[in-house]
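Me: I would like a close look at one part of this protein, the largest pocket, and at how the elements around it are built into the rest of the fold. Please take the lining as the starting point and work outwards from there.

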Amino acid sequence: MRKVMITALVACGCLLAGAVPAQAALKDPVRALKSKLTPGHGVRFTETTTLVGDGKTKIQSRKGTFQFNAKGVAASDITATARHRPSERTISIGKVGYTSGGMLAERLPAGKSWLKSRGLFGGGGFYGQVINPVEPKTLAALVKKGKLRSGKLTGKITFKELEKVSPWFDASIPLRMHDDTKVSYTLTLNSAGLVSRVTSSYAATGVFDTNQHEGKTITIDSRFTGWGAKVSIKAPPADKVTTSAED
């Protein structure tokens, strides 16, 4: 009997010992992000935006790079390809944006190819990912409101709540109609606790206040790679930049 009890205790001990590494693998994503925020380094992303209703319609795809500073995003270089529009590229440095192509393709003065403005993410931001996991305050808000299980953080947050913490969101959704629109999100974390994927969705009527979008959903799928890679984003040549465009 004593031998059976010892065997059982040993077996339980093995099970408990095996459970510790799995729990330890759930690293704090905010701390993991802050460990990568080194000037001159960054992360790359690719993204697809889809309108879901009676079937699925791909609205836009984007790819780009974020350059870090100690607080989050110092600069970005993003190319967007939308339906029925020329490709658009936007370089943002601090609070200044430079946009080329897209809706501006035929509106710039001769010899100029970039429009300088306070708009950080160009027209492509209208349909882009509303959640930026490179912003520590944004990520902290998502962690607070969500549940972290098995390497995935899931939850819901409103447009108004995002606007309070996220410069990215505030600059990306100027078409916003309803502050109470809820965004459902899932963040997938890698073994280091860094975000490798963000999927989000919200009612299309949150930004399109029209009957034709009733019952439809906008979904965005973003993938992040190369965390900590060396990055150098610079403004376009000054002689190619203008501050005005034709109406």
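Reply: In this predicted model, 24 residues line the largest pocket, and those that lie nearest its centre are K71, G72, V73, E135 and P167. The space in this pocket comes to about 490 Å³. Two or more residues of the lining are given by each of strand 3, helix 3 and helix 5, the last of these spanning 167-172, and the largest share, 5 residues, comes from strand 3. Sorted by class, the lining holds 11 nonpolar, 7 polar and 6 charged residues.

Helix 3, residues 136-145, lies across strand 3 (72-82), strand 8 (152-158), strand 9 and strand 10, and runs at about 100° to strand 8. Two of the strands beneath this helix, strand 9 (residues 182-189) and strand 10 (residues 195-203), run antiparallel and are joined by 6 bridges, with T186 having T199 in strand 10 as its bridge partner.

Strand 3, for its part, is joined to strand 4 (residues 88-93) by 6 bridges, and the two run antiparallel; within this pairing I78 has T90 of strand 4 as its bridge partner. The two strands form a hairpin with 5 residues between them, and in the turn H84 has a positive phi of about 60°. Strand 4 then continues the arrangement on its other pairing, since 6 bridges join strand 4 to strand 5 (residues 96-101), again in an antiparallel sense, and R89 stands opposite S100 in strand 5. The hairpin of strand 4 and strand 5 has 2 residues between the strands, and here G94 takes a positive phi near 65°.These strands belong to an open sheet of 12 strands with mixed pairing, in the order 7-8-9-10-11-1-2-3-4-5-6-12. Strand 7 (147-149) and strand 12 (241-242) stand at the edges with a single partner strand each, so one side of each is left without a neighbour in the sheet.

Apart from the pocket, the structure holds 2 cavities of 30 Å³ or more. The largest cavity has a volume of about 40 Å³, and its lining consists of Q60, A80, A82, R85, P86, E88, G102, M103, G123 and G124. By class, that lining divides into 4 nonpolar, 4 polar and 2 charged residues.

The second largest cavity also contains about 40 Å³ of space, and is lined by F45, E47, F66, Q129, I131, N132, W168, S222 and F224. Strand 1 (41-53) and strand 11 (217-230) each supply at least two residues of this lining, which by class has 5 nonpolar, 3 polar and 1 charged residues.

E47, one of the residues lining the second largest cavity, also forms a salt bridge with R62, in which the closest N and O atoms are 2.8 Å apart. Because R62 lies in strand 2 (residues 55-69) and E47 in strand 1, the pair ties together parts that are 15 residues apart in sequence. A search of the whole structure finds 5 salt bridges.

Terms used: Residues are numbered from 1 along each chain as its sequence is written. This is a predicted model: local features need pLDDT of at least 70, side-chain atom pairs count only at pLDDT 80 or more; totals for chains, interfaces and linings use all residues. Side-chain values use heavy atoms; hydrogens and water are left out. Two strands pair if DSSP finds at least two bridges between them. Helices (H or I, at least four residues) and strands (E, at least two) are DSSP runs, numbered from the N terminus. Contact means heavy atoms within 4.5 Å. Axes are lines fitted to C-alpha atoms, for helices over the stretch in contact, and angles run from 0 to 180 degrees between N-to-C directions. On a 1 Å grid over the protein atoms alone, a cavity is a set of points where a 1.4 Å probe fits but cannot get out, and a pocket is an open set with protein on both sides within 12 Å along at least five of seven lines; lining residues have an atom within 4 Å of a point. Grid points are joined across faces, edges and corners, and a volume is the space filled by probe spheres set on the points. Ala, Val, Leu, Ile, Met, Phe, Trp, Tyr, Cys and Pro count as nonpolar, Asp, Glu, Lys and Arg as charged, and the others, Gly among them, as polar. A salt bridge is a side-chain nitrogen of Lys or Arg within 4 Å of a carboxyl oxygen of Asp or Glu.
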